[in-house]
Amino acid sequence: MSRDEKLKERWSLVVSKLSKQFADGDTLDLDAIIYLIGVQELGQLDNTFKKDQKVDLMHIAICKLLTPFGYYELDFVDNDGWPHYKTLEQLPHLKAGEQSVLMKEAIVNYFLETEYIQ
């Protein structure tokens, strides 16, 4: 099986499992999955977040997801428990489709690492 086919298969598995767990079977999109990862990384699962905090949660997730690719590194966690990342390398300019593939690959890797999928 090619790398692209394996990624597609694993991405479908992630979407399916998360959608069943968090959206009563409605299909979650990429942004919703990134948001869920941000909440998971923050570890404040019972909180209700304001709009600007939701954007910050997505930023946390993106930084966490792209850390293994060498783009970010955890810098510190503040007194409220929010992680802060520093940029190690600027992201390359990618077309929308390329960004989507990079994020899907990073998300699949995240859920493989956490053993949410195999």
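What span should the 18 residues of helix H4 (residues 96-113) have at 1.5 Å a residue? The expected span is 26 Å, and the end C-alpha atoms of H4 are 26 Å apart, which agrees; the expectation is 1.5 Å times one less than the number of residues. This is a predicted model, in which local features need pLDDT of at least 70 and side-chain atom pairs count only at pLDDT 80 or more, while totals for chains, interfaces and linings use all residues. Residues are numbered from 1 along each chain as its sequence is written, and side-chain values use heavy atoms, with hydrogens and water left out. Helices are DSSP runs (H or I, at least four residues), numbered from the N terminus.

**Helix H4**
- Leu102, Met103, Glu105, Ala106, Ile107, Val108, Tyr110 and Phe111 are the buried residues of H4 (under 20% relative accessible area, 1.4 Å probe, protein chains only).
- These buried residues pack against H1, H2 and helix H3 (51-66), contact meaning heavy atoms within 4.5 Å.
- Glu115, just after H4, has a positive phi of about 60°.

**H3 with H4**
- The two helices pack at an angle of about 80°, with axes 9 Å apart (axes are lines fitted to C-alpha atoms over the stretch in contact, and angles run from 0 to 180 degrees between N-to-C directions).
- H3 and H4 are therefore roughly perpendicular (65 to 115 degrees).
- From H3, Ile62, Lys64, Leu65 and Leu66 meet Leu102, Met103, Ala106, Ile107 and Tyr110 of H4.
- This contact of H3 with H4 comprises 8 nonpolar, no polar and 1 charged residues.

**H1 with H2**
- Helix H1 (residues 3-22) packs on helix H2 (residues 30-42) at about 70°, with axes 11 Å apart.
- Trp11, Val15, Leu18 and Phe22 of H1 meet Leu30, Ile33 and Leu36 of H2.
- The contact of H1 with H2 has 7 nonpolar, no polar and no charged residues (nonpolar: Ala, Val, Leu, Ile, Met, Phe, Trp, Tyr, Cys and Pro; charged: Asp, Glu, Lys and Arg; polar: the others, Gly among them).

Note on methods: Buried means under 20% relative accessible area, exposed over 50%, partly exposed in between (1.4 Å probe, protein chains only). Angles under 35 degrees count as roughly parallel, over 145 as roughly antiparallel, 65 to 115 as roughly perpendicular and the rest as oblique.
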